[in-house]
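Welcome! Here is a short briefing to read alongside the sequence and the 3D view.

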Amino acid sequence: MMNWLCEWWRGGTAVVEPAAVRDAARLAQIHGASFAQGWGESEFEIMIGERNTLVHRLRLGRRVIGFAVSRIGADEAEILSVAVDSAHRGRGLSRSLLLTHMGHLAGRGVRTIFLEVEENNQPARRLYAATGFVVVGRRERYYKQANGEQLNALLMRRDLS
Ligand SMILES: CC(C)(COP(=O)(O)OP(=O)(O)OC[C@H]1O[C@@H](n2cnc3c(N)ncnc32)[C@H](O)[C@@H]1OP(=O)(O)O)[C@@H](O)C(=O)NCCC(=O)NCCS
């Protein structure tokens, strides 16, 4: 009873499912609030329509609260972006989002996944470590901030067996 009540209070069970073109505006909104350089609605529309790009949405009840985007090339993929609405962070939702997304990549024949993450982005680094990614490289001063600050990127890899 208590579990059901808690879930109801939080808005229901989170589900991960393919994004549709009608989600583009909401995904752009979440992206813009999560990253210094936001992607626009039209960019999401294009990615959702592309065959080599995989876009999943994280939905809680009727509200889309996150997404994962990857680009596939042969048997490799790159995770381009993962984000959860700030109001819903810290509850482990990104883990099921990413694991489901990776399961679909495996289903598309992907054997290796790469991604880049800002070195000081602890929530993202913990997420990627928990989902089996390992650091395979480092790019100095890779991200340029609006204030001129330059941040390092880590290149991470996960093999799907
Ligand atoms: C990264 C992100 C997707 C994680 O989503 P989330 O649903 O909040 O993830 P979780 O609740 O599973 O938390 C992830 C881990 O970060 C930890 N964490 C959360 N906030 C933290 C903080 N401020 N400092 C350090 N660790 C933190 C959590 O404890 C968890 O680690 P654990 O599983 O070892 O306990 C989310 O923070 C986000 O959207 N950030 C902005 C976009 C972004 O940076 N995306 C990644 C780009 S590469």
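In this predicted model, 19 residues surround the ligand, and the closest are R89, S94, Q122, P123 and R126. Two or more residues of that shell come from each of β4 (76-84), α4 (93-107) and α5 (122-130). The notes below start with the ligand and then move out to the rest of the chain.

**Around the ligand**

- Helix α5 gives the largest share of the shell, with six residues.
- By character, the residues of the shell around the ligand divide into nine nonpolar, six polar and four charged.

**Overall build**

- The protein chain has five helices and seven strands, and their order along the sequence is α-β-α-α-β-β-β-α-β-α-β-β.
- With a radius of gyration of 16 Å, close to the 15 Å that the globule rule gives for 161 residues, the protein chain is as compact as a globular protein of that length.
- If you picture a box along the principal axes, the C-alpha trace spans about 50 × 40 × 35 Å.
- Of the contacts between residues at least 6 apart in sequence, 56% join residues at least 24 apart.

**The nonpolar core**

- Buried residues account for 28% of the 161 residues in the protein chain.
- The largest nonpolar core has 35 residues, and V55, L58, F67, A68, I113 and L115 have the most contacts inside it.
- L58 is a good one to click on: leaving aside residues up to four places away in sequence, L58 touches A14, V16, V64, I65, G66, F67, V84, L93 and L97.

**Strands β2, β3 and β4**

- Strand β2 (residues 53-60) runs antiparallel to strand β3 (residues 63-73), and eight bridges join the two.
- Within this pair, L60 stands opposite R63 in β3.
- β2 and β3 form a hairpin with two residues between them, and G61 in the turn has a positive phi of about 60 degrees.
- Strand β3 is also joined to β4 by eight bridges, and these two strands run antiparallel as well.
- Here I72 stands opposite A77 in β4.
- The hairpin of β3 and β4 has two residues between the strands, and A74 takes a positive phi near 55 degrees.
- As you follow any of these strands, keep a general point in mind: in a regular strand, side chains alternate between the two faces of the sheet.

**Linking the pieces**

- Strand β4 appears twice in this tour, as a partner of β3 and as one of the elements that give two or more residues to the shell around the ligand.
- L58, one of the residues with the most contacts inside the largest nonpolar core, has F67 among the residues it touches.

Key. Residues numbered from 1 in each chain as written. Predicted model: local features only at pLDDT ≥ 70, side-chain atom pairs only at ≥ 80, totals over all residues. Helix = DSSP H or I, 4+ residues; strand = E, 2+ residues; numbered from the N terminus. Rg over C-alpha atoms; globule rule 2.2 N^0.38 Å. Buried ≥ 20, exposed ≤ 12 C-beta atoms within 10 Å, placed from the backbone. Contact = placed C-beta atoms within 7 Å. Core = buried A, V, L, I, M, F, W, Y, C linked by C-beta atoms within 7 Å. Near = placed C-beta within 6 Å. Nonpolar A, V, L, I, M, F, W, Y, C, P; charged D, E, K, R; others polar. Pairing = 2+ DSSP bridges.
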